[in-house]
Amino acid sequence: MKTLVAATVLALALASAASAAHDGFSGNVCSLLTTKEVASLNVSSTPCTSHKLANTSFGTGYSGGWGNLKPSSGEASLTFTVGKPATAAYLAYARSTTKWGAPVKVGDWARGELVNGGTGALVAFTSHGYYVVMHAHLPKTPLKSLAPAIAVAKAAAANL
């Protein structure tokens with residue numbers, strides 16, 4: 001019986017510590033990736049911009065990105081929109097309404113796809129209660145597969 005109680009206490013402590021480790025997202029999208037991770041998609045890591053969107057009854061949103069964010073520039077960019085839904089129902093709704101792309105392995109749930117001959121990559125995922133949409137615009141260096149975008153999405157998910 002002591003072993004069961006000790007194991008239960010240990011499991012709760014580990015779950016609590018794991019949860020606390022992911023409660024630290026500051027809202028700064030620029031903190032989600034390293035320069036090397038951004039560069040893996042051939043995107044300039046500077047400048048990175050990050051903005052907090054309005055707090056609403058649905059939750060809080062953040063956006064940000066790297067590279068030249070003007071689509072007409074012809075330069076590569078990487079953007080993230082991060083939402084922290086106010087309830088689990090809003091998070092479930094976001095998942096159920098994302099119909100594009102195939103299932104991919106990022107976070108708790110994800111979908112992704114290449115668009116425009118690989119010059120664009122989209123990955124939507126949920127992780128630690130956040131709903132995230134990542135878009136890579138890569139006009140000069142199209143991707144041959146979604147794998148590099150998935151790797152970047154996984155890195156971002158780990159920092160939520």
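Trainee: What makes Lys 140 count as exposed?

Mentor: Lys 140 has a relative accessible area of 61%. Exposed means over 50%, buried means under 20%, and partly exposed covers what lies in between (1.4 Å probe, protein chains only). With 61%, Lys 140 is therefore exposed. Before we go on, a word on the source: this is a predicted model, in which local features need pLDDT of at least 70 and side-chain atom pairs count only at pLDDT 80 or more, while totals for chains, interfaces and linings use all residues. Residues are numbered from 1 along each chain as its sequence is written, and side-chain values use heavy atoms, with hydrogens and water left out.

Trainee: Why is the contact of Lys 140 and Glu 75 called a salt bridge?

Mentor: The term asks for a side-chain nitrogen of Lys or Arg within 4 Å of a carboxyl oxygen of Asp or Glu. Here the N to O distance is 3.0 Å, so the pair passes the cut-off. The structure holds 1 salt bridge.

Trainee: Which parts of the chain does that pair tie together?

Mentor: Lys 140 lies in the loop between E7 and H4, and Glu 75 in the loop between E2 and E3, so parts 65 residues apart in sequence are tied together. Glu 75 has 35% relative accessibility, which makes this residue partly exposed.

Trainee: Where do names such as E7 and H4 come from?

Mentor: They are DSSP runs numbered from the N terminus: helices are H or I runs of at least four residues, and strands are E runs of at least two. This chain has 4 helices and 7 strands, in the order α-α-β-β-β-α-β-β-β-β-α along the sequence.

Trainee: How do you know that Cys 30 and Cys 48 form a disulfide?

Mentor: In general, a disulfide is a covalent bond between the sulfur atoms of two cysteines. The rule used here is a pair of cysteine sulfur atoms within 2.5 Å. For Cys 30 and Cys 48 the S to S distance is 2.0 Å, so the rule is met. By this rule the count is 1 disulfide. The angle about the S-S bond is -100°, and the link is left-handed.

Trainee: What makes this disulfide a tie between parts of the chain?

Mentor: Cys 30 is in the loop between helix H1 (2-21) and helix H2 (35-39), while Cys 48 is in strand E1 (residues 48-56), so the tied parts are 18 residues apart in sequence. Cys 48 is partly exposed, at 26% relative accessibility.

Trainee: Why is the pair of Phe 25 and Tyr 130 called edge-to-face?

Mentor: Rings of Phe, Tyr and Trp (its six-membered ring) pair if their centres lie within 6.5 Å; planes under 30 degrees apart are stacked, over 60 edge-to-face, and the rest tilted. Phe 25 and Tyr 130 are 5.3 Å apart centre to centre, with 85° between the planes, so the pair is edge-to-face. Phe 25 is in the loop between H1 and H2 and Tyr 130 in strand E7 (residues 130-137), 105 residues apart. Both are buried. Ring pairs link Phe 25, Tyr 62 and Tyr 130 into a cluster.

Trainee: How do you know that the charged end of Lys 84 sits over the ring of Tyr 130?

Mentor: The rule wants NZ of Lys or CZ of Arg within 6 Å of the ring centre and within 35 degrees of the ring normal. The charged end of Lys 84 is 4.6 Å from the centre, so the distance limit is met. Lys 84 is listed as sitting over the ring of Tyr 130.

Trainee: What makes a set of residues a nonpolar core?

Mentor: The members are buried Ala, Val, Leu, Ile, Met, Phe, Trp, Tyr and Cys residues joined through side-chain atoms within 4.5 Å. The largest such core has 34 residues, and Leu 33, Leu 78, Phe 80, Val 82 and Phe 125 have the most contacts inside it. H4 gives the most to this core, with 7 residues.

Trainee: Why is Ser 77 called buried?

Mentor: Ser 77 has a relative accessible area of 6%, so this residue counts as buried. Ser 77 is found in strand E3. Contact means heavy atoms within 4.5 Å, and the residues that Ser 77 touches beyond four places away in sequence include Val 43, Trp 66 and His 135.
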